[in-house]
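Please load the model in your viewer and keep the sequence panel open beside it. The tour below moves from one selection to the next and says what is to be found at each stop.

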Amino acid sequence: MLYIQVGDATFTAVLEDNPSAEALAALLEEGPVTLEAENYGGFEKVGALPETLPQNDARLTAGPGDVMLYRGDSVVLFYGSNTWSYTKLARITDTDGLKDALSGGETSFTLSLEP
């Protein structure tokens, strides 16, 4: 499981079965990672990773709850929809409150393997 904390909200996501998600999990085994983030386009929050992960990009339509890798070095949390070339990392299992948490003024989010 992947845990995503944005402000006071914590979301649980199921990691994909691919080399990119495995590399993210390996990074998080060392401990939680907090990413400085910004809202983009009114549909996503983007944060730069401390290292580049392997990419398996494909043209995908992301929707609310999708966690994507962009350019190998950024994690994108979707609260809206967009079609672009991404690698899917995970899917948030319960999106209640997701748009409110992600579309607000929070300037960071934390990824971890433990709550």
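Against which strands do the buried residues of α1 pack? Before selecting them, please note that this is a predicted model, in which local features need pLDDT of at least 70 and side-chain atom pairs count only at pLDDT 80 or more, while totals for chains, interfaces and linings use all residues. Residues are numbered from 1 along each chain as its sequence is written, and side-chain values use heavy atoms, with hydrogens and water left out.

**Helix α1**

Select residues 19–28, which form helix α1; helices (H or I, at least four residues) and strands (E, at least two) are DSSP runs, numbered from the N terminus. The buried residues of α1 pack against β1 (2–6), β2 (9–15), β3 (33–40), β6, β8 (82–92) and β9. To see them, pick Ser20, Ala21, Ala23, Leu24, Ala25, Leu27 and Leu28, where buried means under 20% relative accessible area, exposed over 50%, and partly exposed in between (1.4 Å probe, protein chains only). Because seven of its 10 residues are buried, α1 is largely enclosed by the rest of the structure.

Now centre on Leu24, which, leaving aside its neighbours within four places in sequence, is in contact (heavy atoms within 4.5 Å) with Leu2, Leu15, Leu49, Leu53, Leu89 and Leu111.

**The nonpolar cores**

A nonpolar core is here a set of buried Ala, Val, Leu, Ile, Met, Phe, Trp, Tyr and Cys residues joined through side-chain atoms within 4.5 Å. The largest such core has 27 residues, and those with the most contacts inside it are Ile4, Leu24, Val75, Phe109 and Leu111. Helix α1 gives the most to this core, with four residues. Apart from it lies another core, of seven residues, among them Val46, Met68, Phe78 and Tyr86. In soluble globular proteins, nonpolar side chains tend to be buried together.

**Phe109**

Select Phe109 next, in strand β9 (residues 108–112); its relative accessibility is 0%, and it therefore counts as buried. Not counting residues up to four places away in sequence, Phe109 touches Ile4, Gln5, Val6, Val33, Thr34, Leu35, Ala37, Lys45, Val46, Gly47, Val75 and Leu77. One of these partners, Thr34, is 75 residues away along the chain, yet the C-alpha atoms of Phe109 and Thr34 are separated by 5.6 Å.

**Asp66 and Arg71**

Move to Asp66, in strand β6, which is buried with a relative accessible area of 7%. Its contacts, once neighbours within four places in sequence are left aside, are Thr61, Val76, Leu77, Phe78, Lys88, Ala90 and Arg91. A distance drawn from Asp66 to Ala13, C-alpha to C-alpha, comes to 8.8 Å, with the two positions 53 residues apart in sequence.

Follow the chain to Arg71, in the loop between β6 (66–70) and β7 (74–78). The phi angle of Arg71 is near 60°, a positive value in a residue other than glycine.

**Ser85 and Asp57**

Ser85 lies in strand β8 and, at 31% relative accessibility, counts as partly exposed. Not counting residues up to four places away in sequence, Ser85 touches Asp57, Ala58, Arg59 and Tyr70. The C-alpha atoms of Ser85 and Arg59, 26 residues apart along the chain, lie 4.2 Å from each other.

From Ser85, step across to Asp57, in the loop between β4 (44–48) and β5 (58–62); Asp57 is partly exposed, with a relative accessible area of 34%. With residues up to four places away in sequence not counted, Asp57 touches Leu69, Ser85, Tyr86 and Thr87. A line drawn from Asp57 to Gly7, 50 residues apart along the chain, spans 29 Å between their C-alpha atoms.

**The whole chain**

Finally, zoom out to the whole protein, which contains two helices and nine strands in the order β-β-α-β-β-β-β-β-β-α-β along the sequence. Its C-alpha trace spans about 30 × 30 × 25 Å along the principal axes, and 43% of its 115 residues count as buried. Among contacts between residues at least 6 apart in sequence, 63% join residues at least 24 apart.
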